[in-house]
Amino acid sequence: MTDFWMQYGAEMLQHTGEHLVLVAISTGVAILMGVPLGILITRKPYLRAGVLGFANVVQTIPSLALFGLLIPLPLLGGIGTRTAILALTLYALLPIIQNTYLGIAGVDAAVREAGRGMGMTDWQLLIQVELPLALSVMLGGIRTATVIAVGVATIAAAIGAGGLGVFIFRGVAVVDRQLLLAGAVPAAVMAIAADSALAWLERALRIGPRS
């Protein structure tokens, strides 16, 4: 094991950093896209089936196939990080859109009426009432999206985007268990750590308003 760390330690740190960058950027972009879309479909119900339908269809596409489908796209596609981030963003959209919609739609109608009775505009009602009350549910979607991104990012190595999948694919190719674990274990730890941190924050936000 000591020899393994001496041989692969620096490379493991490099690929872990690449993995974190892929997950952070794709999840951040998915939040910037998914939250407004979730809000939009609470205001425009006729768009709900189309938006959620698209996000659901993306989730049904096998991850390796999605990476392959995106490569030929002009401007957006190609081999490398850009395509990987696009694919991961698309995978992360569904839970964020869905939970944003459910969180806002779940706000008590009496609370909305009270806000309108105080003269709030729709924008003020959204910012000051609905989003704060929906935040813990929305965070649950972000939590799910982050864990999905950590797992799917291991496939990014197949298109030259780096990440911990480099070790996994190399380990499969040469049937080396240590290389497989060098990719799988840090990815699992990353997913568990992200899930635990966001779960704690989600519980804190849910409990906070009651205290």
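The following paragraphs describe the fold, the confidence and selected residues of a predicted model.

In this model, local features require pLDDT of at least 70 and side-chain atom pairs count only at pLDDT 80 or more, whereas totals for chains, interfaces and linings use all residues. Residues are numbered from 1 along each chain as its sequence is written, and side-chain values rest on heavy atoms, with hydrogens and water left out.

The chain contains eight helices and zero strands, where helices (H or I, at least four residues) and strands (E, at least two) are DSSP runs numbered from the N terminus. Read from that terminus, the order of elements is α-α-α-α-α-α-α-α. The C-alpha trace spans about 70 × 45 × 25 Å along its principal axes. The mean pLDDT, which is the predictor's confidence in each residue on a scale from 0 to 100, is 90 for the chain, and 96% of the residues reach 70 or more. Among the elements, helix α4 (residues 81-105) has the highest mean pLDDT, at 95, and helix α8 (residues 177-207) the lowest, at 88.

Of the 211 residues, 43% count as buried; buried denotes a relative accessible area under 20%, exposed one over 50%, and partly exposed the range in between, with a 1.4 Å probe and protein chains only. The chain exposes about 11,100 Å², of which carbon and sulfur atoms supply 70%, the areas being obtained by the Shrake-Rupley method with a 1.4 Å probe and, for residues, with only the protein chains shown as cover. Where contact means heavy atoms within 4.5 Å, 71% of the contacts between residues at least 6 apart in sequence join residues at least 24 apart. The mean positions of the 12 positive and 10 negative charges are 7 Å apart; Lys and Arg count as positive and Asp and Glu as negative, without His or the chain ends, and each charge is placed at NZ of Lys, CZ of Arg, CG of Asp or CD of Glu.

Within helix α1 (residues 2-43) lies His15, which is buried, with a relative accessible area of 7%. The side chains of His15 and Glu18 are joined by a polar contact of 2.8 Å, a term for a pair of N or O atoms within 3.5 Å in which, within protein, one must be able to donate a hydrogen and the other to accept it, residues adjacent in sequence counting only if both atoms are side-chain atoms. Apart from neighbours within four places in sequence, His15 is in contact with Gly163, Leu164, Val166 and Phe167.

Helix α4 holds both Thr83 and Leu86. Thr83 is buried, with a relative accessible area of 0%, and, not counting residues up to four places away in sequence, Thr83 touches Phe67, Leu70, Ile71, Leu76, Gly77, Gly78 and Ile159. Leu86, by contrast, is partly exposed at 21%, and its contacts beyond four places in sequence are with Leu70 and Leu76.

At the N-terminal end of helix α5 (residues 109-117), Asp108 acts as a cap, with a side-chain oxygen 2.9 Å from the backbone nitrogen of Ala110, while Gly119, which follows α5, has a positive phi near 90°. Most residues other than glycine have a negative phi. Val175, in the loop between α7 (165-174) and α8, nevertheless has a positive phi, near 55°, and is exposed, with a relative accessible area of 75%.
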